[in-house]
Amino acid sequence: MQIYMPTNVYSENNCVMNHSKELAVLGSKALLVTGRHSSQANGSLEDVKHALQEEGTAYVIFDKIEENPSIETVMQARELGIQENVDFVVGIGGGSPMDAAKAIALMIANPREDERILYEACELGCLPVAEVPTTAGTGSEVTPYAILTIHARRTKQSISHRIYPALALIDSRYLKTESLNTLINTTVDALAHLIESYLNTNANSYNRMYSEKGLRLFAEIKDDLLQCRRFGGEPKQTLSDDVFDQLMQMSATAGMAITHTSTSLPHGLSYPVTYEMGVPHGKAVGIFLPGFLKFYQGKEDVRLALGQMCFAGVQDFTEYLDELLGKVEISDDLWKKDVEMIMGNQAKLKNYPFAMDEETLYKFRR
Ligand SMILES: [Fe+2]
């Protein structure tokens, strides 16, 4: 058994300012990688700029990361980074900017290479990366994964390189400006990470500690989240500071879980749904979680996972998720393509501890 978690993680109020020195020590000039709006609205970009100014560290901003970032965007940011001679990268935002930051850091460190190296198995250097998450979902602040959109293949895929952030600065206050839908979708993403890591070929008693902790955190907040969905409105008016803290902890813990096991079939099945239908990542993964649990062959492990979440059974879990997420209809054509694609995806299939066939997969669709 092995456990390896090299990212230096801080989680507290005012985290970025409190740890400005640890951030600045990563280099002499930073590329701040973010999206167009949310990091400005929630104050995270301002905090990072302020922290670097305090330490006298230069920076340049690339704020064009789209949802489900493409290789083209990564290459555009790389050009800016090389031009500006940056020597570290800070990802600020949800999974998209954080994942992109890792790929950009890799590409800047290898200026003579083109984008093909992202998906080649080879040893490459990489600039140091710090991550400041503003959603509670992907856990990218602690994982070595970077998932990019490959337009040529009409799907998303993790790059071939494992890039651990050197530093993760987590502050749950950034969650408070999120919309209800984003908060729910990202929470379901983190939940999927916990479940897919727990029920995984690579699961062992060390890394299952992360899933168990995260699933218990979810059990504590799941009713608050459902209440929030039932009554609508802004999450910050309904949820307490403690719930926001627990959501951030759950997401980071889930990230630590998949760092050791990777994800499984629900994630693999979700990527074409996101690409073809524009369904947000967490919601797309949530479509497949009930079927994954229902048809998983290790029934005792499913019972244990449901118990950590305080659900009586798969039916109970399914009803909860249906109400929280709403249903998504997938066309027969897309579903057929999706199942065919996953049956050819050895990386995901090997994380499922039992034999899988098309007939069973077809039953996953809710
Ligand atoms: Fe995910």
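In this predicted model, helix H10 (residues 241-261) lies across strand S1 and strand S8 (167-170), and runs at about 165° to S1. The two strands covered by H10 are part of an open sheet of six strands, arranged in the order S1-S8-S5-S4-S2-S3 with parallel pairing. S1 and strand S3 (58-62) each have a single partner strand, so they stand at the edges and one side of each is left without a neighbour in the sheet. From one strand to the next, the twist averages 15°.

Strands of a sheet pair through backbone hydrogen bonds, either parallel or antiparallel. Within this sheet, strand S2 (residues 29-34) and strand S4 (residues 88-93) run parallel and are joined by five bridges. Valine 33 is found opposite glycine 91, a residue of S4.

The wider setting is a chain divided into two domains, with domain 1 spanning 8-174 and domain 2 spanning 179-362. Their C-alpha centres are separated by 25 Å. Contact between the domains involves 20 residues of domain 1 and 24 residues of domain 2. On the side of domain 1 that touches domain 2, strand S1 (8-11) and strand S7 (155-158) each contribute at least two residues. What is the chemical character of that side of domain 1? Its residues comprise twelve polar, five nonpolar and three charged.

The account now turns to helix packing. Two packed helices are described by the angle between their axes and the distance between the axes. For helix H7 (residues 180-198) and H10, the angle is about 35° and the axes are 8 Å apart. H7 and H10 cross with left-handed geometry. From H7, the residues in this contact are Thr187, Ala190, His193, Leu194 and Ser197, while H10 supplies Leu247, Met250, Ser251, Ala254, Gly255, Ala257, Ile258 and Thr261. The contact of H7 with H10 contains seven nonpolar and six polar residues, and no charged ones.

H10 also packs with H8: the axes of these helices come within 9 Å and cross at roughly 150°. An angle over 145 degrees counts as roughly antiparallel, and H8 is therefore roughly antiparallel to H10. The crossing by which H8 passes H10 is left-handed. On the H8 side, the contact is made by Tyr210, Ser211, Lys213, Gly214, Leu217, Phe218, Glu220, Ile221 and Asp224; on the H10 side, by Val243, Gln246, Leu247, Gln249, Met250, Thr253, Ala254, Met256 and Ala257. By class, the contact of H8 with H10 has ten nonpolar, five polar and three charged residues. Leu247, Met250, Ala254 and Ala257 of H10 are among the residues listed for the contact with H8, and these four residues also appear in the contact with H7.

A further packing partner of helix H8 (residues 208-231) is helix H14 (residues 314-325), with an angle of about 40° and axes 9 Å apart. H8 and H14 are therefore oblique to each other. H8 passes H14, too, in a left-handed crossing. Lys222, Leu225, Leu226 and Arg229 represent H8 in this contact, where they meet Tyr320, Glu323 and Leu324 of H14. The contact of H8 with H14 consists of four nonpolar and three charged residues, with no polar ones.

Definitions and conventions: Residues are numbered from 1 along each chain as its sequence is written. This is a predicted model: local features need pLDDT of at least 70, side-chain atom pairs count only at pLDDT 80 or more; totals for chains, interfaces and linings use all residues. Axes are lines fitted to C-alpha atoms, for helices over the stretch in contact, and angles run from 0 to 180 degrees between N-to-C directions. Angles under 35 degrees count as roughly parallel, over 145 as roughly antiparallel, 65 to 115 as roughly perpendicular and the rest as oblique. A crossing is left-handed if the near helix is turned anticlockwise from the far one by less than a right angle, and right-handed if clockwise. Two residues are in contact if their C-beta atoms, placed from the backbone, lie within 7 Å. Ala, Val, Leu, Ile, Met, Phe, Trp, Tyr, Cys and Pro count as nonpolar, Asp, Glu, Lys and Arg as charged, and the others, Gly among them, as polar. Domain bounds come from an automatic or database domain assignment. Two strands pair if DSSP finds at least two bridges between them.
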